[in-house]
Amino acid sequence: MALKEHYKIDYKKILPSSSSVIKDNNYRITVLSPILLRLEYSLSGEFEDRPTELVMNRKFPEVKFDKKEDDKYLTIETDYFKLTYIKNQPFTGTKVSPEQNLKIELKDTDKYWYYNHPEVRNFGAPTTPLDGMEGKLKFGKGLYSTDGFTSIDDSKSLIYNEDGSLGKRSDSRIDVYVFMYKRDFGAALRDYFTLTGFPPLIPRYSLGIWWNRNKPYSSKDIEKLIFKFDKNRVPMSVLMLGDDWHRQNGKMKSGFSFNLELIKRPKRVAEFLHSKNIRLALKINPIEGISNKEDYYLPFKKSSGLDENKQGILPFNVFNPNTLNAYFDYLIHPLMNYGVDFFWLDYYNPNDLSTLRALTHYHFYDFKQLVNRRGITFARPAGLAAHRYPIIYTGQTKVDWKNLETMPQYNSAASNLGLSWISNDIGGSTGGTEDSELYSRFIQFGCFSPILRLSADAGYYYKREPWKWDVTTSSIVTQYLRLRHSLIPYLYSEAYRYSRSGLPLVQPLYYRYPEIYDEPLYKNEYYFGSNLLVAPITTRQEPVMDRAILKLYLPEGVWYDFTTGKKYTGGRRYTAFYKREDYPVFAKQGTIIPLAILDDKNLNDTKPPKNMEIQVFPGASSTYEMYEDDGLSSLYEKGYFIVTDIDYAYQKNNFTVTIRPVAGKSGIIPDYRQYRIRFRNTKEPDDIVVHCGTEKVKGVQTYIDDNDFIVDLPSLSTIKQISVSCKGKDIEIDALRIINDDIDSILNDLPIETRLKEEIGKVFYSNLEIKQKRIAVRRLDKKGVPNKYINLFLKLLEYMAEL
């Protein structure tokens, strides 16, 4: 039996242009682009034209290159490389001269690639999950290298038949793709995605808050949980059920039939969740086999043609078309008919990644038969082209600071394989010690991560619910969870950009500043979308100061703290101090961030909002492209979307924000929308004019909120151009960040007599040299200042000396 129609692979895109192929008895070289080559060597003279687990498309635009050859030698040149090859010789040279048969020189450099090159300057990428790694990272080869080249060996990957089934190659041969991109890593990513398939656009709800607590939830437990989230004004968009949702099948962890003692009416539970705008995911692992206790065991057995073992279990083979068809027909689709939205594929064997790749592939492709649901899976990384199957689960991690510290680096390095949709255990999942500071920093990091999934193993004393903590912690965590849902318009626009251009949501700082890679203090910093920079806090705060001390680097330009609006001059290193409620996120001058204004009556709704806040940071003109569609179906592929440009025309005393639809169709988003324009670090201007189309808008409200100027617009048409023009003299607030502000804040919070604080302040802000200030601080012990505070002040003087 063949696989069903929706699993078919498009063979139209797999053959390259014949003009790009150079072939002889034992080799075939294909010039796919100015930077990308395919190198094949086969003793039999047979070559592979079918798609593979890695490669889905070899039909690149025709590329111009120079070719010279005689009976012995072949040379190929583009603007990026020069290949020299002794025809029909093995690609492998000698130990002394490994490049003697095949050499690819990177033009305008002294670097060259040869077969089996060690590529030691490759920055690597995570190819395994974090389970049991205890804060350590294990990287394989990625695409990013300071050599300016990298290679991917496709010799052993499985091939896709046209019906979508997977098979092995007929013989052993070399099949390698070489990227020679110099410093143009963006071009390398584009070619990689053209070759392997561009990332899909994930459902909009997946950018909200996920709840993943491994406990035996009953129907009533689920209703109580949602009630608690609503009561505490905490949003949720995905509920994941773990080990206990299904009927227990002896020693098997997995199952495919609801445990009716816990969840008596599964369809009603799913309908309840959907009415609250929450999606339902279930944890499964078919590789364990199919138990005779399943509801649809007999029809599955008959359709698959399998024989059970002595334990009454049918073996599962994802590569068998009969088994696969029966699996979806009788195990997966009945659950989806109940209202299950997607599945957590809890299988991982590092020695059998092809099985995991196949499982995620077929689960994702199963959505292709549905117009009203967009594809999504949830599984551990399986290597080759994992970006095609979001979401990537990083595995079960311990509740500790070490694991928090590895997560930013893991997520950043994942971009070296073109991955964006990484899901960490936010809060940690197992073991460790519950700690309010650690929990807060996990949530803050999660807010600025690709996927925010609150996670915990079974156990009464794991606390992922914000309301189970003290008032301060609960308030901080709730603030950042709500901010995450507010960020969805920005995140979804960035998700669309990633699906079209291939530029990952998270990008490490070293893409633009490679020297940062060797500086551990700044290695974890990353760009979050096109407009934000994050310097995550992954260590405990200094106990006396009651603040986290962070050394950070800000790239060239002018930057603003996303929360406080404080201004930073870029191209410098800073030492900064952060209270528990603060988190280092920065926006560059001219940044535009579209945010949803949350509706507490419909808190979980992630659809295009009726009320929005547009944050605008001063200093430079810019345009932000906001993308919106229904967020759930595949109709966007047929043009059912809308793109709105948000323009910011900046002059020092005169600036305008213009909101205008530029592409797509009407009816996708609310017909009318209320916009709040928040001009960051801006005083109230002398003159404000608002237009919608050609008409001047009445009912505009303006006010000052801390250092921001706010313009609240009435409900206006989303298909007309809206402009907000402001004029005034010296209306930009130059709130430059200085360390004196930090010291003032620290002094204010210390439990020291007020008169002593005055003396300490005089020392710090005097014109004395740092050495003299140290002497004056040490003398404070005679005035009754405890040693722990004197040591703190000496540290602060060190930081001042660094500046």
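This passage walks through two sheets, a helix pair and the nonpolar cores of a predicted model.

A good place to begin is the sheet that includes strand E1. Five strands make up this open sheet, arranged in the order E1-E2-E3-E14-E11 with antiparallel pairing. Its edges are formed by strand E1 (21-23) and strand E11 (149-153), each of which pairs on one side only. On average, and with direction ignored, neighbouring strands of the sheet are turned by 15 degrees against each other. At the E11 edge, strand E11 runs antiparallel to strand E14 (residues 174-180), and 5 bridges join the two. Within this pairing, Phe-149 has Met-180 of E14 as its bridge partner. A helix also belongs to this picture: helix H1 (residues 185-196) lies across strand E3 (36-41), E11 and E14, and runs at about 150 degrees to E14.

A further open sheet has 5 strands in the order E4-E5-E6-E7-E8, and its pairing is antiparallel as well. Here the edge positions are taken by strand E4 (66-69) and strand E8 (112-113), each pairing on one side only. Strand E4 meets strand E5 (residues 73-77) in the antiparallel sense over 4 bridges. In this pair, Lys-67 stands opposite Ile-76 in E5. As a general point, strands of a sheet pair through backbone hydrogen bonds, either parallel or antiparallel.

Attention now turns to the nonpolar interior. The largest nonpolar core holds 203 residues, and the members that touch the most others are Tyr-327, Phe-448, Ile-677 and Phe-679. Helix H5 (residues 321-338) contributes the largest share of this core, with 8 residues. Apart from this core lies another one of 25 residues, among them Ile-29, Leu-39, Phe-65 and Val-178. Returning to Phe-679, its contacts beyond four places away in sequence include Val-616, Tyr-648, Phe-655 and Val-657. Asn-707, Asp-708, Phe-709, Val-711, Val-724 and Cys-726 are also touched by Phe-679.

Finally, two helices offer a clear example of packing. Helix H11 (residues 739-749) and helix H12 (residues 754-764) pack at an angle of about 165 degrees, and their axes are 11 Å apart. Because angles over 145 degrees count as roughly antiparallel, H11 and H12 are therefore roughly antiparallel to each other. The crossing in which H11 passes H12 is right-handed. On the H11 side, the contact is made by Ile-743, Leu-747, Asn-748 and Asp-749. Helix H12 meets them with Lys-757, Ile-760, Gly-761 and Phe-764.

Methods. Residues are numbered from 1 along each chain as its sequence is written. This is a predicted model: local features need pLDDT of at least 70, side-chain atom pairs count only at pLDDT 80 or more; totals for chains, interfaces and linings use all residues. Side-chain values use heavy atoms; hydrogens and water are left out. Two strands pair if DSSP finds at least two bridges between them. A nonpolar core is a set of buried Ala, Val, Leu, Ile, Met, Phe, Trp, Tyr and Cys residues joined through side-chain atoms within 4.5 Å. Buried means under 20% relative accessible area, exposed over 50%, partly exposed in between (1.4 Å probe, protein chains only). Contact means heavy atoms within 4.5 Å. Axes are lines fitted to C-alpha atoms, for helices over the stretch in contact, and angles run from 0 to 180 degrees between N-to-C directions. Angles under 35 degrees count as roughly parallel, over 145 as roughly antiparallel, 65 to 115 as roughly perpendicular and the rest as oblique. A crossing is left-handed if the near helix is turned anticlockwise from the far one by less than a right angle, and right-handed if clockwise.
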